[in-house]
Amino acid sequence: MATFPFEITATEGAARTGRLRTPRGDIRTPAFMPVGTAGTVKALYMDQVASTGADIILGNTYHLMLRPGAERVKKLGGLHAFAKWSGPMLTDSGGFQVWSLAQLRKMDPDGVTFQSHIDGSTHRLTPARSIEIQADLLGADISMQLDECTNFPCTAQEAERSLELSLRWGERSLDAFGQRAAQTLFGIVQGSNFPALRERSAKGVVAQGFGGIALGGLAVGEGHQQMCDTIDFTVPHLPAHLPRYVMGVGKPIDLVESVARGIDMFDCVLPTRSGRHGQAWTWDGPVNITNAKFAEDLSPLDETVDCPASRDFSRAYLHHLFKAGEYLGPMVLSWHNTAFFQALMQEIRAALTEGRFDSLRAELSARWASTRSAPKTA
């Protein structure tokens, strides 16, 4: 299995910036990955996604295996060609969606049997099948091991059972992945909010020999501070030379605080989901564009963000589009939010390079204090 070169170019405390070098291009870290659930970042063209500064996007195993089918995506050239994205792509294992969306699921030591949320048809997902879908059929550059997303809240006994199952599935995922020159596989740390269990899981995952390490079981309702605490007592057990990825996170303040704790990669549906519902994220905090106060506001969403959606449409016009039910409103806000999240990551990377991350963190923390939470995602 390939372990992509990961160069750390600057640090400030636990925070770090660098590059993860893949055969399809470099990923500048810290990196936010727009979520392309069904082979599309909702409401955006792929060239728009690229223009915002995104180096990598995420594809969703569960949704693509159900529709149009992973074998069909392979037949049509793989997910990169199918979706017209030429850069690096990470796919999740499907485990989270089985946990959160499946109508009926039955876990066993070898995998999970579940019913599709689309038509009720029965499907089977095992570590080997998840790897086959991600690496062989979709063609992901970075695949994720199949794991069990631990319920929150849960008892220590439940968290222990879940992390042990995920460790066993990690070994089976590695066996199925085998040796590949141009693709890599990340492991996933579980253990809920129990420090001893997170340490045990982290050490087990590291010993298995993955190309990167993810923290799972976050952004499932535990809240911002608990998320930060969990990262705090997990990261010390992770090696510095591998990229660290917190899955499903999050709001801008969650990203800043996670970077401060040594995290390199993120994904979340929030930019496009918020955009579809009339919420824009800006340097001054969230803007709910349907509020009556914007009906005659000629200012742009955020003219400091280098994106047409951010600077070329007035808030009054966007307010009108949403009130009129026009498709363009969600499209523009989704584009702006995607650009804003990339602008945030670019500013974080620049601050780390220039040795001013702590001051940026303090400024944004004060500005965004009221938005502290870790959202649920799907």
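Buried here means under 20% relative accessible area, exposed means over 50%, and partly exposed is what falls in between, using a 1.4 Å probe and protein chains only. By that yardstick Ala 43, at 33% relative accessibility, is partly exposed.

A word on the model. It is predicted, so local features need pLDDT of at least 70 and side-chain atom pairs count only at pLDDT 80 or more, while totals for chains, interfaces and linings use all residues. Residues are numbered from 1 along each chain as its sequence is written, and side-chain values use heavy atoms, with hydrogens and water left out.

**Backbone oddities**

Most residues other than glycine have a negative phi, and most peptide bonds are trans. Ala 43 goes the other way, with a positive phi near 75°. Its place is the loop between S4 and helix H1 (46-51); helices (H or I, at least four residues) and strands (E, at least two) are DSSP runs, numbered from the N terminus. Ser 192 also has a positive phi, about 55°, without being a glycine. That serine sits in the loop between strand S11 (184-189) and helix H8 (195-208), and its relative accessibility of 7% makes it buried.

Then there are the cis peptide bonds. One runs from Thr 29 to Pro 30, with omega near 0°, and Pro 30 is in the loop between strand S3 (25-29) and strand S4 (31-36). Another joins Val 249 and Gly 250, with omega about -5°. Gly 250 belongs to the loop between strand S13 (244-246) and helix H10 (252-260).

**H10 against H14**

Two packed helices are described by the angle between their axes and the distance between the axes. For H10 and helix H14 (residues 328-354), the angle is about 25° and the axes are 11 Å apart. That makes H10 roughly parallel to H14, given that angles under 35 degrees count as roughly parallel, over 145 as roughly antiparallel, 65 to 115 as roughly perpendicular and the rest as oblique. The axes are lines fitted to C-alpha atoms, for helices over the stretch in contact, with angles running from 0 to 180 degrees between N-to-C directions. H10 passes H14 in a right-handed crossing, meaning that the near helix is turned clockwise from the far one by less than a right angle.

**Salt bridges**

A salt bridge needs a side-chain nitrogen of Lys or Arg within 4 Å of a carboxyl oxygen of Asp or Glu. The count by this rule is 23. Some of them are tabulated here.

| Acidic residue | Basic residue | N to O distance |
|---|---|---|
| Asp 264 | Arg 16 | 2.8 Å |
| Asp 26 | Arg 21 | 2.4 Å |
| Glu 257 | Arg 361 | 2.8 Å |

Take the pair of Asp 264 and Arg 16, which meet in a salt bridge at 2.8 Å. Asp 264 lies in the loop between H10 and strand S14 (265-268) and Arg 16 in strand S2 (residues 15-22), so the bridge ties together parts that are 248 residues apart in sequence. Both Asp 264 and Arg 16 are buried.

H10 turns up again in the bridge between Glu 257 and Arg 361, whose closest N and O atoms are 2.8 Å apart. This pair links distant parts of the chain, with Glu 257 in helix H10 and Arg 361 in helix H15 (residues 357-367), 104 residues apart. Glu 257 is buried, at 5% relative accessible area, whereas Arg 361 is partly exposed at 26%.

As for Asp 26 and Arg 21, both ends are partly exposed: Asp 26 has 28% relative accessibility and Arg 21 has a relative accessible area of 34%. These two also belong to a network with Glu 7 and Arg 19, joined by salt bridges that share partners.

**A surface patch**

Tyr 317, Tyr 327, Leu 328 and Met 331 make up a nonpolar surface patch with about 420 Å² of accessible area together. Patches take residues with over 30% relative accessible area and no salt bridge, joining like charges within 9 Å and nonpolar side chains (Val, Leu, Ile, Met, Phe, Trp, Tyr) within 5 Å. The areas come from the Shrake-Rupley method with a 1.4 Å probe, and for residues only the protein chains shown count as cover. Within the patch, Tyr 317 lies in helix H13 (residues 315-323) and is partly exposed, with a relative accessible area of 36%.
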